[in-house]
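Me: I should like a close look at one part of this structure. Please describe how the elements concerned are arranged and which residues bring them together.

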Amino acid sequence: MSGPASSGTGPVPSGTGPVLEVEDLQVDLRTPRGTAHVVNGLSYTVGHGETVAVVGESGSGKSVSVLALLGLLPARVATVTGRALLHGEDLLTMSPERLRQVRGPGAGMVFQDPMTSLNPVLTVGRQLVEGIRAHGEVSKADARRRAVELLGEVGLPDPGRAVDRYPHELSGGMRQRVMIAIALSNSPGLLIADEATTALDVTVQAQIIDLVEKLQAERGTGVVWITHDLGVVAGIADRVLVMYGGRCVEDGTVDDVLERPVHPYTRGLLGALPDLAAPAGPDGVVPDLATVPGVPPAPTDLPPGCVFWPRCPVRSDPRCETEQPPLVQVGGGPGALPHRAATWCEDRTPGAASAVDRTFGAASPGEGGS
Amino acid sequence: MTEDVLVSARGLEVHFPIRSGGALRRTSGVLRAVDGVDLDILRGETLGLVGESGCGKSTLGNALLRLVPPTGGTVTFDGTDVTSLDRRGLKEMRRRAGMVFQDPFASLDPRRTVAQTVSEPLEVHGLRSGGRERAARVAELLELVGLDPAVAGRYPHEFSGGQRQRVGIARALAGEPDFLVCDEAIASLDVSVQAQVLNLLRRLQRQLGLTLLFISHDLSAVRHIADRIAVMYLGRVVEVGPADAVGSDPQMPYTQALLSAVPVPHPELERSRKRIVLRGDVPSPAAVPSGCRFRTRCPYAFEPCPDVDPALQPVGAPGQLAACHLHGVVGRPVDSGEPVAARD
Amino acid sequence: MTGAPLPEPAPSPTATDAGVPSTQRAARPRWRETLGLLARNPTAAAAGLVLLAIVLIAVFDETLAPSGPNEISVEDRLQAPSLAHPFGTDDLGRDILSRVVLGAGVSLRVGFLAVAFALVVGSLIGLLAGFYGRWVDDVLMRFMDVLFAFPAVLLAIAVLAVRGPGAGNTALAIGVVYVPVFARVTRASVLGVREEVYVRASRSVGASDFRLLTRHVLPNAAPPIIVQTSISLAFAVLAEAALSFLGLGTQPPNPSWGLMLAEGRGFIDIAWWLAFFPGIAIFLTVLCFNLLGDGLRDVLDPRQRTLMAGGGR
């Protein structure tokens with residue numbers, strides 16, 4: 001069950017190097033309102049068996065950034081530059097033919113809504129078999145056997161019967177399992193999950209996360225997990241990349257970013273989350289949530305300087321409004337993975353989120369306007 | 001319970017007939033969206049109603065305001081039976097009970113300005129006669145929800161999701177209601193905007209002395225805003241109690257599983273804690289299991305569960321109720337229908 | 001709770017309004033926005049202008065016509081188009097230009113009346129059927145199905161046979177034929193709007209059915225009905241021509257395009273202009289109503305609307 005799929009048309013190598021290396025990815029989309037700079041210089045690496053979470057709110061460019069990697073954006077409107085090496089091979093300069101070969105066995109993808117990504121008129125089995133046979137010389141019977149096996153692996157009860165079901169006969173959680181089975185059918189080195197559990201209930205979400213973690217441990221798959229849910233990130237990610245306005249504003253290990261956030265946006269986002277464990281303050285009164293005032297910038301109209309400054313409650317440096325802050329190391333360090341942030345904020349020492357909460361609370365009385 | 005109850009449901013049922021197509025429209029089954037709910041909402045409190053998709057929490061919220069007609073049981077609002085209100089009584093009840101909807105992009109009429117939307121309750125109920133007085137009231141309401149009154153002449157498509165939700169809240173408050181139902185009111189908003197709306201709702205609740213029913217699948221948000229929490233599963237309230245008790249010491253296995261499944265943004269905590277991963281999916285509300293409806297997924301299911309439909313009974317903290325045989329078999333046996341008291 | 005006092009100071013407008021871009025234009029009524037968008041669709045705009053011209057001609061027909069429509073002048077019969085008679089004359093020596101101009105009034109009046117009847121009756125039926133559903137829907141729409149299943153010409157002929165010919169009755173006959181069309185279009189549109197959350201939201205604040213229907217459902221269900229109106233006008237003008245051609249519509253000597261077409265048919269090999277000019281008038285009017293309908297369909301589509309409005313900002 002482990003090991004790369006061998007196919008006659010060019011095996012996708014797997015080795016000890018990083019699974020995916022993205023360097024200075026830029027995506028521009030032509031829209032009626034002008035050119036939207038949706039992704040502006042994104043760089044990250046995904047190692048074997050590693051999970052990198054890409055976090056951001058709607059419009060941050062997180063989804064577009066992975067669609068661009070796999071050539072899934074309409075070429076008419078999208079301009080993609082930079083480099084994206086999957087096992088050392090650049091996805092962005094690949095021929096469309098080669099990209100198609102790579103998509104299954106090289107990189108599998110799971111989307112938010114399994115109902116729209118599954119074909120409603122084909123049985124689950126047909127769709128799995130199709131994927132398996134498209135990338136290797138497998139007989140129909142073998143492919144079907146493999147499909148049943150896969151459905152069992154992703155935890156579908158009675159896979160022998162489930163294989164002949166249509167997508168609408170399955171529940172949302174089951175459909176998402178089928179999507180994962182399809183994504184894993186060619187044992188890809190990389191799995192990209194785009195808000196894969198957002199539409200699911202928490203109990204089902206827990207099942208899916210457990211499943212992905214288990215499969216990842218067995219196969220050493222690299223995972224890019226795109227989500228807006230910082231709770232999910234805390235559970236699943238090794239490393240986190242926070243996106244805002246198409247830029248990476250902070251990255252580092254999951255502990256660094258979530259427990260010792262540096263960038264005012266990351267701090268604001270964490271402060272805005274209600275706490276399940278202990279909502280009441282020391283005085284027994286539940287305090288107001290910290291909020292980030294205002295709304296994210298439109299990608300057609302990004303502010304100069306730091307992308308976050310128009311909403312930033314702690315901006316102080318004159319460069320905030322004019323000069324784009326570089327992503328510099330603020331923690332981590334020798335031997336450990338670096339913790340980086342892009343901010344002119346004077347206080348770059350990683351601090352506990354709770355200390356920042358108060359800053360935000362004080363800076364935005366009456367929760368501003370959204 | 002002698003406390004001041006504003007809204008109360010007793011044995012509330014909303015069953016939808018499942019129609020097989022065709023001109024004859026035969027009824028082929030019953031979807032038990034809400035299936036025997038007992039619930040009290042106290043005056044001035046915020047009650048959080050949580051549950052997974054399809055558990056009937058939205059239908060319950062709608063049924064309390066008779067926006068969906070109940071098919072059984074009763075709802076009382078401030079002492080009056082809502083299910084038997086005539087047209088006039090219903091209209092007055094709807095003035096006194098507002099509703100905020102999930103999707104702020106769908107809940108505002110795209111062809112009407114903010115002012116027209118917010119002043120609709122004023123017109124409907126004949127409050128503030130005259131255009132100028134209504135305009136003043138609209139301005140007051142917009143300020144109340146943190147919007148610039150100057151936006152009154154604009155159309156919904158000119159606003160962000162958070163701003164639209166504020167307009168929706170202003171509309172719900174226009175009739176000076178006592179009771180506000182928020183049906184997944186923050187679910188379609190971005191995290192940072194969710195916090196803004198949660199804070200706003202809390203402020204309004206305090207400021208106007210509202211009674212709030214906050215329906216959400218987001219346990220963290222409910223825990224943050226609610227004084228008491230009710231948990232729904234498959235059309236039934238299975239646990240209810242003070243937020244602290246239900247949130248930190250749940251007595252019903254379903255609530256325990258639900259709480260354990262909520263991811264929290266603390267990696268250390270996430271790594272160390274043990275999730276209760278439930279088996280399988282929620283059964284269809286068209287085929288509710290006999291006895292305890294949670295038994296098919298319950299890790300503790302035992303002998304009486306399929307035979308006795310458990311009733312809510314006091315367990316744990318004061319005011320906490322849970323429907324579970326682990327705390328003594330109390331409920332209605334499936335076959336005889338005679339209620340049984342605790343056996344052990 | 002009483003009066004909702006405001007003990008908290010209201011946040012300042014600049015703070016509360018952070019999200020609304022200041023460059024946003026002031027609100028404009030929807031219909032003006034629609035007109036503006038329509039103006040950017042050259043085909044539909046041109047069609048609209050031509051129609052406007054035709055309507056103006058129809059309104060001021062008596063003033064515009066060079067001579068009376070029924071002024072017979074035997075010595076001028078069957079003259080080819082010339083400076084004196086740009087469209088020529090017919091077999092009774094009547095000026096065809098004048099008759100086409102006056103025919104515009106007759107044809108359009110019948111068309112508008114017919115569509116107005118169908119619009120009012122059909123939309124009302126569709127509105128009630130779509131909004132109330134259940135037995136109301138069943139009864140009304142089965143009735144519409146029956147009407148729809150009846151051959152249109154036969155139906156019109158039946159109405160005219162009962163009520164006798166004449167402009168008003170022709171309009172009624174055509175209108176009856178189009179009632180089911182409007183009922184269906186309206187019902188389909190209402191079915192979609194009825195389920196919108198804003199309708200439920202309005203109900204939740206206590207609005208009556210009448211208010212829901214008139215303030216929320218009808219305005220939002222209107223776009224397909226408007227498109228249908230424009231396209232139906234084209235068909236109604238054609239239908240009037242057809243009925244008059246068959247001798248059931250407008251009666252001689254009144255000029256109507258269909259009637260003129262019928263009368264000119266006998267002279268087609270010796271005097272083509274008798275049938276040609278009224279034919280062109282029908283063609284142009286029908287084409288323009290159709291083009292305008294297509295343009296409106298594009299403009300009133302909300303998705304198109306966002307795209308186009310965004311592009312224009």
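In which sense, left-handed or right-handed, does H4(A) pass H5(A)?

Reply: The model is predicted: local features require pLDDT of at least 70 and side-chain atom pairs pLDDT 80 or more, while totals for chains, interfaces and linings use all residues. Residues are numbered from 1 along each chain as its sequence is written, with chains lettered from A and ligands numbered from 1 in the order in which they are written.

The crossing of H4(A) over H5(A) is right-handed (the near helix is turned clockwise from the far one by less than a right angle; anticlockwise would be left-handed). Helix H4 of chain A spans residues 124-134 and helix H5 of chain A residues 140-153 (DSSP runs of H or I, at least four residues, numbered from the N terminus; strands are runs of E, at least two). Their axes come within 9 Å and cross at roughly 115° (lines fitted to C-alpha atoms over the stretch in contact, with angles from 0 to 180 degrees between N-to-C directions).

H4(A) contributes A:Gly125, A:Leu128, A:Val129, A:Ile132 and A:Arg133 to the contact (C-beta atoms, placed from the backbone, within 7 Å). From H5(A) come A:Lys140, A:Ala143, A:Arg144, A:Arg146, A:Ala147 and A:Leu150. By class, this contact of H4(A) with H5(A) comprises 6 nonpolar, 1 polar and 4 charged residues (Ala, Val, Leu, Ile, Met, Phe, Trp, Tyr, Cys and Pro are nonpolar; Asp, Glu, Lys and Arg charged; the others, Gly among them, polar).

Terms used
Two residues are in contact if their C-beta atoms, placed from the backbone, lie within 7 Å.
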